[in-house]
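This briefing describes one protein chain and is meant to be read alongside its sequence and its model. The notes begin with the term on which the helix packing rests and then move from the whole chain to particular helices.

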Amino acid sequence: MASKDVPTDVDRLPVPSRNPLPLSATQEAQVRDIYYTRVRNHCAPEIKAFAECAAGRTLTVSFACREPLHAMNSCMKAHATQAEQDAAREEWFAMRLARQRERERKQLKKSAQEDFMREWWRMPERDEESRRKLAEKQALEERVGGARASHPSNERK
């Protein structure tokens, strides 16, 4: 499971608590996406068999593809457990550093584009107040359970 989206073990952070932390709606949606992806990966052969059977059919799908459909549904039900949902939540927490790096990379790209546009159109430089606000916004961390998510690099400060 070593893909470019999944960080290495060095980049992973532990789950802050074994008790479920309240996450925002967006964060819960991200956990759900990870959960659904994990379940679909477990049942990939069954899903593929059903998709191949259903290709080119319309009304006859329910009759002609009954066996692959039942196999796919039973696999999905077998793997859609609370333990799998907990594993997805742990994976989401473990990927906090990767998400933070991605946010920082996007912010740097955005500010570089803004600087280019200011230079191109000969617009005035940002004043000190707007630079300070931008730096504060970039320094914000991801919130988990209403509090900022801490990681080892911030604990030294």
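Two residues are taken to be in contact when they have heavy atoms within 4.5 Å of each other. With contact understood in that sense, E46, I47, A49, F50 and C53 in α2 meet P68, L69, A71, M72, C75 and M76 in α4. The model is a predicted one, and the points below should be read with that in mind.

**The chain as a whole**

- The secondary structure consists of 8 helices and 2 strands, and, read from the N terminus, the order of these elements is α-α-α-α-α-α-α-β-β-α.
- Of the 157 residues in the chain, 24% are buried, while the surface that the chain exposes comes to about 11800 Å², with carbon and sulfur atoms supplying 56% of that area.
- When contacts between residues at least 6 apart in sequence are considered, 71% of them join residues that are at least 24 apart.

**Helix α2 and its two sides**

- Helix α2 covers residues 44-54, and within this helix F50, C53 and A54 are buried.
- Viewed down the axis of α2, these buried residues fall within an arc of 95°, and they therefore line one face of the helix.
- P45, K48 and E52, by contrast, lie on the other side of α2 and are exposed.
- The cover over the buried residues of α2 includes α3, at residues 61-64, and α4, at residues 66-79.
- Just after α2, G56 adopts a positive phi of about 80°.

**Packing of α2 with α4**

- The axes of α2 and α4 come within 8 Å and cross at roughly 155°; because angles over 145 degrees count as roughly antiparallel, α2 is roughly antiparallel to α4.
- The crossing of these two helices, α2 and α4, is left-handed.
- F50 and C53 are among the buried residues of α2, and F50 and C53 are also among the α2 residues that meet α4.

**Packing of α5 with α6**

- Helix α5, residues 82-94, packs with helix α6, residues 96-120, at an angle of about 45°, and the axes of the two helices are 5 Å apart.
- The two helices α5 and α6 are therefore oblique to each other.
- On the α5 side the contact is made by W92, F93 and A94, and on the α6 side by R96, L97 and R99.

Definitions and conventions. Residues are numbered from 1 along each chain as its sequence is written. This is a predicted model: local features need pLDDT of at least 70, side-chain atom pairs count only at pLDDT 80 or more; totals for chains, interfaces and linings use all residues. Side-chain values use heavy atoms; hydrogens and water are left out. Helices (H or I, at least four residues) and strands (E, at least two) are DSSP runs, numbered from the N terminus. Buried means under 20% relative accessible area, exposed over 50%, partly exposed in between (1.4 Å probe, protein chains only). Accessible areas come from the Shrake-Rupley method with a 1.4 Å probe; for residues, only the protein chains shown count as cover. The arc is that of the directions from the helix axis to the C-beta atoms. Axes are lines fitted to C-alpha atoms, for helices over the stretch in contact, and angles run from 0 to 180 degrees between N-to-C directions. Angles under 35 degrees count as roughly parallel, over 145 as roughly antiparallel, 65 to 115 as roughly perpendicular and the rest as oblique. A crossing is left-handed if the near helix is turned anticlockwise from the far one by less than a right angle, and right-handed if clockwise.
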